[in-house]
Amino acid sequence: MTNTDIAVIGAGTAGMTAAIYAKRSGFDVTLFEGYMPGGQIVNTGEIENYPATGKISGFDYSMALLAQTEGTGVSIVRKEALSVARKDGGFEVATAKGEYFAKALIIATGAKNRELGAAGESRLVGKGVSYCATCDGAFYRGRKVAVVGGGNTAAADALELARMCSEVVLIHRRSEFRAQKADIDKLRALPNVKFLLDSVVDEIVGEDSVRAIVVRNVVSGAKSEIAVDGVFVAVGQTPATALFDGLVKRDLSGYIIAGEDCVAADGVFVAGDCRTKKIRQLVTAASDGAVAALAAAEYLSERE
Ligand code: NAP
C-alpha cells in the first residue's frame, strides 16, 4: 500500500489544476489517470476562449498542463482507479498497479461522450460514425458529413470539419442552439455549412460504412434520407461517476452533487465536469480544481 495525502482521480483540466494547487499547498499528491491526460479537451481542435493562451490546440494545451503538473512533483499514476472506498479514516484507491491510501480524495473524472441512440449507430462506429471530429475529421477531407448536436462541441466540430469537408450538415433537434452565438454566426457565414433544425437522426444507413442518414423533422414529422459519408455525434456527455456510488450523492444524470465549494462528502471533493453545475467550460474546470484542492488542504490541516 502506497500512502499519499491527497488522491486526485482524473487528469483533465480540473484534476491537473487540483493536483498543482494541492501540491503547492504542501501536500503529497497522487494523480490517477487510466487513459490520456488532458480529458475531453484533448480532442478539441482549437481553444480560443481560455484566458491568455490565445489560440491553442486542445492537445498542446493538455500537454502544457501535464508538463506543468509533472514539474510540481505530483506523482502521476498512469493507471485507472478500479475502486475507491473509505478505509481507516481515509480512502483506499485500487489500481491494476497496486493499492494506495489517501487521507483525502478529489474526484475529477469528467464525462464521456453520449450516444445518439439512432438505429445503425453502434454498428457503424469507426465505419463512418465518430464522436471526435479532431481525431477522425481528416478521413473525410473533400467529403460530405453530418454533425449532430446543438452545443459548443457540435459547433466547434462543424467549424473544424467545414475547413476540410465539401459539405457539413449541422443537425439539431431544436431551433435554438446552446452553443456560443459567435460560433453559430461563423457557421452561418460558411457556404459549405447547411443547417437542419428541429430535426433528429432516426437512422444511420450503410452496410460496411455510412452511406446516408434518415432525418425526421420533429415539427412536421416529415422524413428524408440524406447521403453522407460520415456522421459526427456531439450530443453531450455522461459523467464518469459510477465508481463513486456510495461515497457521494449523484443526481439523476449521474453528476456528483456539490456546490461551488466543491465539497461532496467528508474528505471528498469534486471538481470539473462531473460536478453538478451550470457552466462546464475549461475555465470553470480549472476554477473547480483550485477550489477543491484548497478545500482538501484546509480539511487535512484541520485534522492534523
Ligand atoms: P451540451 O452542451 O450538453 O450539448 C449537447 C447538445 O446535444 C444539445 O444541443 C442537446 O440538445 C443535444 N442533444 C442531447 N441529446 C441528444 C439526442 N439524443 N439527440 C439529439 N440531440 C441531442 O454538450 P457539449 O456541446 O458536448 O458541451 C459539453 C460542455 O463542454 C458544455 O458545457 C460546453 O460549453 C463545454 N464545451 C466547451 C468548449 C470550450 O470551452 N471551448 C468546447 C466544447 C464544449 P438540446 O439543446 O435540445 O438539449
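## Accessibility and the Asp202–Arg216 pair

A residue is called buried under 20% relative accessible area, exposed over 50%, and partly exposed in between. In this predicted model, Arg216 has a relative accessibility of 28% and therefore counts as partly exposed. Asp202, at 22%, also counts as partly exposed.

The side chains of Asp202 and Arg216 form a salt bridge, with an N to O distance of 2.8 Å. Asp202 belongs to strand β12 (residues 199-205) and Arg216 to strand β13 (residues 212-217), so the pair ties together parts that are 14 residues apart in sequence.

## Other salt bridges

The structure holds 15 salt bridges. Side chains of opposite charge can pair when their charged atoms come close. One of the salt bridges links Lys277 and Asp288, whose closest N and O atoms are 3.1 Å apart. Lys277 lies in the loop between β18 (268-270) and α6 (282-303), while Asp288 lies in helix α6, so this pair ties together parts that are eleven residues apart in sequence. Both partners count as buried: Lys277 has a relative accessibility of 14%, and Asp288 one of 3%.

Glu48, Lys55, Asp183 and Lys186 are joined into one network by salt bridges that share partners. Within this network, the side chains of Lys55 and Glu48 meet at 3.8 Å, N to O. Lys55 is exposed, with a relative accessible area of 61%, whereas Glu48 is partly exposed at 42% relative accessibility.

## Ligand site

The ligand is surrounded by 18 residues, the closest being Asn152, Arg174, Arg178, Arg280 and Gln281. By class, the shell comprises three nonpolar, ten polar and five charged residues. Domain 1 (2-112 + 237-303) and domain 2 (115-233) both contribute residues to this shell, so the ligand lies between the two domains.

Polar contacts to ligand oxygen atoms involve both backbone and side-chain atoms of the protein. A backbone N or O atom of Arg280 is 2.6 Å from an oxygen atom of the ligand, and a backbone N or O atom of Gly151 is 3.4 Å from a ligand oxygen atom. In the side chain of Gln237, an N or O atom lies 3.0 Å from an oxygen atom of the ligand. Taken alone, the ligand exposes 910 Å², of which the protein buries 82%.

Key
Residues numbered from 1 in each chain as written. Predicted model: local features only at pLDDT ≥ 70, side-chain atom pairs only at ≥ 80, totals over all residues. Heavy atoms only, no water. Near = heavy atom within 4 Å. Polar contact = N/O pair within 3.5 Å; in protein donor to acceptor, adjacent residues only side chain to side chain. Areas by Shrake-Rupley, 256 points an atom, 1.4 Å probe, with all protein chains shown as cover. Nonpolar A, V, L, I, M, F, W, Y, C, P; charged D, E, K, R; others polar. Domains from an automatic or database assignment. Salt bridge = Lys/Arg side-chain N within 4 Å of Asp/Glu carboxyl O. Buried < 20%, exposed > 50% of the residue type's maximum accessible area, 1.4 Å probe, protein only. Helix = DSSP H or I, 4+ residues; strand = E, 2+ residues; numbered from the N terminus.
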